[in-house]
Amino acid sequence: MLWPGLLGKNKYDFAKTYCDVKVVQGYQGQNFQDFSRGVRLEELNVLLRQSVMIRRLKENVLVELPPKRRQIIKLSLKRSDIVLAKASVLVKHGSSSDTSATKDTSLENLDEPDDSGVSCRLGNLSYQELGIAKLSGFREWLSIHPFIAESDGAAELDLTPRSSKMLIFAHHHKVLDGIQEFICEKGIPFVRIDGNTLPRDRQSAVQSFQSSNEVKVAIIGITAGGVGLDFSSAQNVVFMELPQSPSLMLQAEDRAHRRGQTSAVNIYIFCAKDTIDESHWQKFEQEAALCIIDNKWKI
């Protein structure tokens, strides 16, 4: 009720105004009031339309939606990706002269096996460095995904109205920039929403993604566009970086898995082996009570 008290303080006040109350005699001679007939119904109709909002509970809507399927994409980070990620963050902070990112790993023979174990350094990656380091694996994965049809050695996009669309979520701007760079290389029309996007531009991006058959990708900052937006024309959702909590991830997934969705929604979660991603995801499992069935993650 958007205007409490508009129709009366209680049901008796409401009945006095909008019911044709009559006294009726019961079978055993007892009298009771009959409220079954209404009066001033046109007035009541106008007031209800202007002051009442009826909203279905999400639990009632979910049973009508197509299935949601989660899949973990486990990445083994290369030494070269780790070094470049650390260097990228150092340059951003104006510390390009600092060689701490490369003191354990030279730029030569970066992808050769390391007897000391790369994993000993993976635990030292910040969340931003980890997101940047995963970009290489993301590019390889998307290049062979059915979302992109290979033709004559070049990536071409299926522009038919029924072809699928994709939401790609990340947190750090450097990671979003890396995703955008690759999407541009593939020549895929896209929209982007992050913390720097103005409110009017956000709505314009959503409308463009929803209505245009050519716009196939939405690159979205998790905190900026993970709640309240309708991307129900997407059938694929990618998390390049794990959100801070399961609730944020579920909210972001439901930008596509919502009313208006007619296809199953495939959710891909990128998780780097031997990094904080693994412990982060294990915590998600416990908090969100996720279970795994044939490598498909479902609620």
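**Helix α9, the nonpolar cores and the aromatic pairs**

Helix α9 (residues 199–211) has 13 residues, which at 1.5 Å a residue should span 18 Å, and the distance of 19 Å between its end C-alpha atoms agrees with that expectation. The buried residues of this helix are Ala-205, Val-206 and Phe-209. Seen down the axis of α9, these buried residues fall within an arc of 100°, so they line one face of the helix. On the face turned away from that buried side, α9 carries the exposed residues Arg-200 and Ser-211, while its buried residues pack against the strands β6 (166–170), β7 (190–193) and β8 (217–221). One of those buried residues, Phe-209, also has a charged partner, for Lys-165 lies over the face of its ring, at 4.9 Å from the ring centre.

The model in which this helix sits is a predicted one. Its protein chain has 12 helices and 12 strands, and buried residues make up 41% of its 299 residues. Among contacts between residues at least 6 apart in sequence, 74% join residues that are at least 24 apart.

The largest nonpolar core holds 32 residues, of which Phe-138, Trp-141, Leu-142, Ile-168, Ile-179, Ile-183 and Met-240 touch the most other members. At least two residues of this core are supplied by each of β3 (68–75), α4 (79–92), α6 (127–133), α7 (135–143), β6, α8 (173–185), β8 and β10 (265–272), and the largest share, five residues, comes from α8. When residues up to four places away in sequence are not counted, Ile-183 touches Leu-142, Ile-168, Ile-188, Phe-190, Val-217 and Ile-219. Apart from this core lies another, of 27 residues, among them Ile-220, Ile-222, Ala-234 and Ala-256.

Aromatic residues form a further theme. Phe-138, Trp-141, Phe-182, Tyr-268 and Phe-270 form one aromatic cluster, and two of its residues, Phe-138 and Trp-141, are among those that touch the most other members of the largest core. The count of aromatic pairs, taken with ring centres within 6.5 Å, comes to nine. In one such pair, the rings of Trp-281 and Phe-284 have their centres 5.9 Å apart and their planes at 45°, so the pair is tilted. Both residues lie in helix α12 (residues 276–288), three residues apart, which is about one turn of the helix, and both Trp-281 and Phe-284 are buried.

Strand β9 (residues 236–239) contains Asn-236, which is buried, with a relative accessible area of 4%. Leaving aside neighbours within four places in sequence, Asn-236 is in contact with His-145, Ser-164, Lys-165, Met-166, Leu-167, Asn-266 and Tyr-268. The C-alpha atoms of Asn-236 and Ala-264 are separated by 8.7 Å, although these two residues are 28 residues apart along the chain.

Two loop residues remain to be considered for their backbone angles. Most residues other than glycine have a negative phi. Arg-40, however, has a phi near 55°, a positive value in a residue other than glycine, and Asp-274 likewise has a positive phi, near 60°. Arg-40 lies in the loop between β2 (31–34) and α2 (41–51) and is partly exposed, with a relative accessible area of 45%. Asp-274 lies in the loop between β10 and α12 and, at 47% relative accessibility, counts as partly exposed.

Technical notes:
Residues are numbered from 1 along each chain as its sequence is written. This is a predicted model: local features need pLDDT of at least 70, side-chain atom pairs count only at pLDDT 80 or more; totals for chains, interfaces and linings use all residues. Side-chain values use heavy atoms; hydrogens and water are left out. Rings of Phe, Tyr and Trp (its six-membered ring) pair if their centres lie within 6.5 Å; planes under 30 degrees apart count as stacked, over 60 as edge-to-face and the rest as tilted. Helices (H or I, at least four residues) and strands (E, at least two) are DSSP runs, numbered from the N terminus. Buried means under 20% relative accessible area, exposed over 50%, partly exposed in between (1.4 Å probe, protein chains only). A charge sits over a ring if NZ of Lys or CZ of Arg is within 6 Å of the ring centre and within 35 degrees of the ring normal. The expected span of a helix is 1.5 Å times one less than its number of residues. The arc is that of the directions from the helix axis to the C-beta atoms. Contact means heavy atoms within 4.5 Å. A nonpolar core is a set of buried Ala, Val, Leu, Ile, Met, Phe, Trp, Tyr and Cys residues joined through side-chain atoms within 4.5 Å.
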